[in-house]
Amino acid sequence: MASDIILGYDGSDGSKAALAVAVAVARAFDAPLSIVFGYEPNPMGGETADYKDKLEKIGQTMLAGALADAKKLDAGVHTEVLVVPMRPVESLLEAALERQARVIVVGGTGERPIVGAILGSVPHKLLHRSEVPVLVVPAGGE
Amino acid sequence: MTITTGDVGVSSVPEESAGKGLKVGALGLVSSLVIGVASTAPAYSLAATLGFVAAYVGIQSPAVMLLAFVPMLFIAAAYYYLNRADPDCGTTFTWVTRAIGPKTGWLAGWGILVTDLVVMPNLASVAGVYTFHLFGAHGIANDSSGFWVTVVGVVWIIVMTLICYIGIELSARTQVALLGAEIVILFVFAIVALAKVYAGSSAHSIRPSFEWLNPFRIHPIGALSAGMLLAVFIYWGWDTAVTVNEEAKDARRTPGRAALMSTLVLLLIYVVVSFAAQSLHGVGFLTNGNNEGDVLNALGTAVFGSPWNKLLLICVLTSASSSTQTTILPAARSSLSMAVHKAFPRRFADIHPKYLSPGFSTLVFGAVSVVWYVALDLLSPGDVLANSILALGFGIAFYYGLTGFACVFYYRKHLLKSFKNFIFIGLAPFLGAVILTVLFVIAIFYYSDPANSNSGTQAWFPFIHFNFTFLHQHFYVKKGLGPPLVLGVGFLLIGVPLMLLWMARNRDFFRRDRELAESVDSPAPPLTPGVTPVTD
């Protein structure tokens, strides 16, 4: 049975720091690593197809970079990437459910709590909603 | 190891290549309905329009609400079927490009952009006015193009643009709650007002009559078309329910039903509220200069009294906020789509790396809106509300009409294959488009007389004059054109030289042939080969 390490990745400094930690955790547990990028355009205002295509391409390019970075850190870890057309938090929860994840790793945003509350902080929401442990890696950590 | 790709919607690919996710059925009937109605923003639309409709057609405004519903419903069929073939970001832009040709398609895209732009001063102005009413500063609020209202309006546009830029979204549940409150308050307002009318406790009240629904009592035909153009605006936006169909749980049935239901909900709200509004104090109350631009405020005080009238004000403000959002978002997505297909400068396709919004498109649209709002305030002081809303009808009729024609064109080989095809893909969109075209043409002549626009005496381009008779209607321009005509049609016309300019530099987009639908159910090929990601 697979019990992946799930990493939320958006190209930010926090998510880069989280990548390094996630690779180390995957090595320690000898578990496969799934790197996830989630996106979902606001359905208000309708007509989203071209927008979605662009976002998906951005996700693919970003994850291709993340995959290369992960290989550089530890080529022995089985790594795969997922672009999921759901909001970031939902995409991580969904991937965790499907992969029966051991842990979800995300980068801290480094934003002040009030800004996070207004803009919607992924780590914050995950901590409340995830059924598996969540590991938050501060930007600049590691 | 093996990777399980179940039906939960997460797909994966082997290592060394980036993945592509699957679509997830997320939107149910209620969410689609909410999106459709919230995009239309009934409270704001009524606040901005009801007084002006009454000014044109008097006691027959419920008839106009009913009549304007018909072309909207017909065009909805066009949206529904075209969206099945190509659920593209640019909607009308893409569809018209495919069915009628790239030049017309480009102009249709331009039509969407300028229509979205023209509505912004009105939104900002209504938001400014109602903000001051909410805080009791009625003196400031009554001058709808005064300095302070403009300042608040500009701040409003900036804040809403930033919200779209950063991508803050209300949760679906908040959206449902806000819209629910909006509809409940509007109905409570109508019921209380009608109760007061029947109890005889309101001065100048008039008993409702079914004759108010009779469109044949509206004269002259120019007034009818002016009223219709205004009413077309109040239904504008519900097509969003159709365009989110990809995500719908039952993509074949949900969006169609949601769209139909949202038009019916809107129809009910508009007819009931217009009945209640005009029976309370008569038409004169709605059209007098102080109340015309913000009827819901004036009526709210008369119906609810303080402080309950604040409920109606808040409802207009939340409604205006969702309307601003549903104006900025599709405008930015349209320019994004045009840029992706090389019909617009490339920068408009830029996505903000962190917020994942169409950043450049969003900011440019916000900035141009602010400039345009302030400019209109200076050019046409006192009439921003009226002129922008009258001008809007032209843009909406233009691109909704083109969408109707595009549908008939695109599916023309399949119209006679079944009775259902003939009615829903052929006849309905065609009639809708014809009605809107006729409205457009009649309104051109009607508004060419500045006396018919709300600013009355103010005329632009006073050197223009002509007169002739067509279909027993006498059309004449004595001295100059009414501002709504100049704004509405002028903005559309600016598109022509801009398109030629773009054509001179970028021929690729314009070198394409018309397309035909292979069948009613087959998805269309990518508009620009290589732009839409390959699905394997």
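This is a short spoken presentation of a two-chain structure, beginning with chain A and then turning to chain B.

Good morning, colleagues. Please keep in mind throughout that this is a predicted model.

Let me start with the secondary structure of chain A, which comes to five helices and five strands. Along the sequence, these elements follow the pattern β-α-β-α-β-α-β-α-α-β. Of the 142 residues in chain A, 54% are buried. If we take the contacts in chain A with a separation of 6 or more, 76% of them join residues 24 or more positions apart.

How are the strands of chain A arranged? They form an open sheet of five strands in the order β3-β2-β1-β4-β5, with parallel pairing. The edges are taken by β3, residues 79-84, and β5, residues 134-137; each has a single partner strand, so one side of each is left without a neighbour in the sheet. On average, and ignoring direction, neighbouring strands of this sheet are turned by 25° against each other.

I would now like to walk through some of the pairings. Strand β1 of chain A, residues 5-8, pairs with strand β2 of chain A, residues 33-38, in the parallel sense over four bridges. Within β2(A), Val36(A) is the residue that stands opposite Gly8(A). Strand β1(A) also pairs with β4(A), again in the parallel sense, over three bridges. There, Ile5(A) stands opposite Val103(A) of β4(A). Strand β4(A) in turn pairs with β5(A) in the parallel sense over four bridges, and the bridge partner of Val105(A) in β5(A) is Leu135(A).

Strand β4(A) deserves a further remark. Is β4(A) enclosed by the rest of the structure or open to the outside? Five of its five residues are buried, so β4(A) is largely enclosed by the rest of the structure. As a general point, side chains in a regular strand alternate between the two faces of the sheet. In β4(A), both faces are covered: Val103(A), Val105(A) and Gly107(A) are buried on one side, and Ile104(A) and Val106(A) are buried on the other.

Next come the helices that accompany the sheet. Helix α1 of chain A, residues 13-29, lies across β1, β2, β4 (103-107) and β5 of chain A, and runs at about 155° to β4(A). Helix α3 of chain A, residues 88-98, packs on the sheet as well, touching β1, β2, β3 and β4 of chain A; the direction of α3 makes about 150° with that of β2(A).

I turn now to chain B. Here we find 18 helices and two strands. Chain B has 536 residues, and 55% of them are buried. Of the contacts in chain B with a separation of 6 or more, 79% are between residues 24 or more positions apart.

One helix to look at is α2(B). This helix bends by about 40° at Thr49(B). All 16 of the 16 residues of α2(B) are buried, so the helix is largely enclosed by the rest of the structure. Just after α2(B), Gly58(B) takes a positive phi of about 60°.

On the other side of this helix in sequence is Ala41(B), located in the loop between α1 (29-40) and α2 (42-57) of chain B. Although Ala41(B) is not a glycine, its phi is positive, at about 55°. Why does Ala41(B) count as buried? The reason is that Ala41(B) has 28 C-beta neighbours inside 10 Å, where 20 or more is the requirement.

A second such residue is Leu356(B), which is not a glycine and yet has a positive phi of about 55°. Leu356(B) lies in the loop between α14 (309-340) and α15 (359-379) of chain B. It is buried, with 21 other C-beta atoms within 10 Å.

Finally, I come to the nonpolar core. In soluble globular proteins, nonpolar side chains tend to be buried together. The largest nonpolar core in this model has 215 residues, and those touching the most other members are Leu7(A), Ala22(A), Val105(A), Ala231(B) and Val232(B). Helix α16 of chain B, residues 384-410, supplies the largest share of this core, 19 residues. Which residues does Val232(B) touch, leaving aside those up to four places away in sequence? They are Ala68(B), Met72(B), Gly393(B), Ile396(B) and Ala397(B).

Thank you for your attention.

Note on methods: Residues numbered from 1 in each chain as written. Chains lettered and ligands numbered in written order. Predicted model: local features only at pLDDT ≥ 70, side-chain atom pairs only at ≥ 80, totals over all residues. Buried ≥ 20, exposed ≤ 12 C-beta atoms within 10 Å, placed from the backbone. Contact = placed C-beta atoms within 7 Å. Pairing = 2+ DSSP bridges. Axes fitted to C-alpha atoms, helices over the stretch in contact; angles between N-to-C directions. Core = buried A, V, L, I, M, F, W, Y, C linked by C-beta atoms within 7 Å. Bend = angle between axes of the 7 residues up to and from the residue.
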